[in-house]
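Reader: I have a new model on my screen and would like to get my bearings. Could you walk me through it?

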Amino acid sequence: MGGLEVEGLRAYYFPADRPPIRAVDGVSFELKGGSSIGFVGESGCGKSTLGLALLRLLPSPGRIVSGAVRLDGVDLMGLTEGEFGRSIRWRRISMVFQGAMNALSPVYTIGHQLSEPLIYRLGLSKGEARRLSIEALEEVGLGGDLMDRYPHELSGGMRQRVMIAMALALRPEILIADEPTTALDVIVQAQILNLLKDLRERLGISIMLLTHDLGVISEIADAIAVMYAGEIVELGPSDLIYSSPKHPYTKGLMAAAPRIRGGSKIASIPGHPPDLGNPPKGCRFGPRCSAAIPACERPPPMVELGAGHSVRCWLYG
Ligand SMILES: Nc1ncnc2c1ncn2[C@@H]1O[C@H](COP(=O)(O)OP(=O)(O)O)[C@@H](O)[C@H]1O
Ligand SMILES: [Mg+2]
């Protein structure tokens, strides 16, 4: 029973004067110990909300509405905030936040920024925090001498490694990496992806990669979850998703990822993801789907296709 199980997770934002924004709306998946899953979907599909909900760090007015989250069979939803903070967050499940590498403070050293949360948030001694910080820097291929450097002295790729080191400091079993390669050039992207792959192989860490770019997960994801408008619309082993995508949205994403098909033509999916405060009543992708049929006016169920592959689409129901 090793790993993370998420069942029917709903996380909404509740603006004062508008209907709730259903950012994560009934998401279920499993992440086995030591494996990796890539969540892919356009911006606004709920990927970051999912990661933040799993870490119980949703910004206000966000809230987990329902669902079950189990780690090695233990129900995490039953834990109080204090228990979750002491035993789960950063220690067993950790996260590299979207855009965080650009949020390092220019006025403090890397060492200070790595150690400080360990001291103030988690109560470690100064010496212990320093030791763990240096170890974490070495784990991500950076030297301990970086402790005394300032962020402006580092390249983008090095800053992203620092963020990964921060997330690894307490040796978590699960690392959620939210758009870890966005805004990096292609060569540095590949280096960061190799690092994640290496961490998984060397430390046995499970990785949950969140990205809008299907091209970046092909290398490291054992499984792929395609997200659209707060829901998983296709889920399965990555080789199956790549060789035999079923959902019209997945097919559209494939066509828009030139690195996978080797072609140069980028076909984009017409239209935009819906307003999650008022999503379409039937299939949420329906209004943009070129394969829509009358049944799509009702919400499609998740259909099992076998071999762990499932799709939320009436064409297969
Ligand atoms: N702090 C917030 N308050 C209100 N709505 C939010 C907030 N953060 C995200 N959302 C909304 O939740 C939806 C999902 O966003 P997000 O999880 O950031 O998606 P992704 O990471 O896939 O781009 C979007 O409609 C977004 O506008
Ligand atoms: Mg995001």
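**A helix, a ligand shell and two domains**

Author: Happily! Keep in mind that this is a predicted model. Let's begin with helix α6, whose buried residues are I192, L195 and L196.

Reader: Within what arc do the buried residues of α6 fall, seen down its axis?

Author: In general, an α-helix has 3.6 residues a turn, so residues three or four places apart point the same way. In α6 the buried residues are I192, L195 and L196. They line one face of the helix, because the arc that holds them, seen down the axis, is within 95°.

Reader: Which exposed residues sit on the face of α6 turned away from its buried side?

Author: The buried side packs against α5 (156–168), β7 (174–178) and β8 (206–211). The face turned away from that buried side carries the exposed residues V186, I187, E201 and R202.

Reader: How far apart are the end C-alpha atoms of α6?

Author: Helix α6 has 18 residues, 186–203. At 1.5 Å a residue, the expected span is 26 Å. The model agrees with this, since the end C-alpha atoms are separated by 25 Å.

Reader: Which residue follows α6, and is its phi positive or negative?

Author: Just after α6 the chain has a phi near 70°. That value is positive, and the residue is G204.

Reader: Which element gives the most to the side of domain 1 that touches domain 2?

Author: Domain 1 covers 4–92 + 172–316, and domain 2 covers 102–171. Their C-alpha centres lie 28 Å apart, and 10 residues of domain 1 are in contact with 12 residues of domain 2. On the domain 1 side of this contact, four residues come from the element that gives the most, α6.

Reader: Turning to ligand 1, which element gives the most to its shell?

Author: The shell has 14 residues, the closest being Y13, A23, K47, S48 and T49. By type they divide into six nonpolar, seven polar and one charged. Both β2 (21–31) and α1 (47–54) supply at least two residues. The element that gives the most, with three residues, is α1.

Reader: One last residue: is E5 buried, partly exposed or exposed?

Author: E5 lies in strand β1 (residues 4–13). Leaving aside neighbours within four places in sequence, E5 is in contact with E30 and R70; the C-alpha atoms of E5 and E30 are separated by 4.5 Å, although the two are 25 residues apart along the chain. A residue needs 20 or more C-beta neighbours within 10 Å to be buried. E5 has 18 inside 10 Å, so E5 counts as partly exposed.

How values were computed:
Residues are numbered from 1 along each chain as its sequence is written. Chains are lettered from A and ligands numbered from 1 in the order in which they are written. This is a predicted model: local features need pLDDT of at least 70, side-chain atom pairs count only at pLDDT 80 or more; totals for chains, interfaces and linings use all residues. The expected span of a helix is 1.5 Å times one less than its number of residues. A residue is buried if 20 or more other C-beta atoms lie within 10 Å of its own, exposed if 12 or fewer, and partly exposed in between; C-beta atoms are placed from the backbone. The arc is that of the directions from the helix axis to the C-beta atoms. Two residues are in contact if their C-beta atoms, placed from the backbone, lie within 7 Å. A residue is near a molecule or strand if its C-beta atom, placed from the backbone, lies within 6 Å of it. Ala, Val, Leu, Ile, Met, Phe, Trp, Tyr, Cys and Pro count as nonpolar, Asp, Glu, Lys and Arg as charged, and the others, Gly among them, as polar. Domain bounds come from an automatic or database domain assignment.
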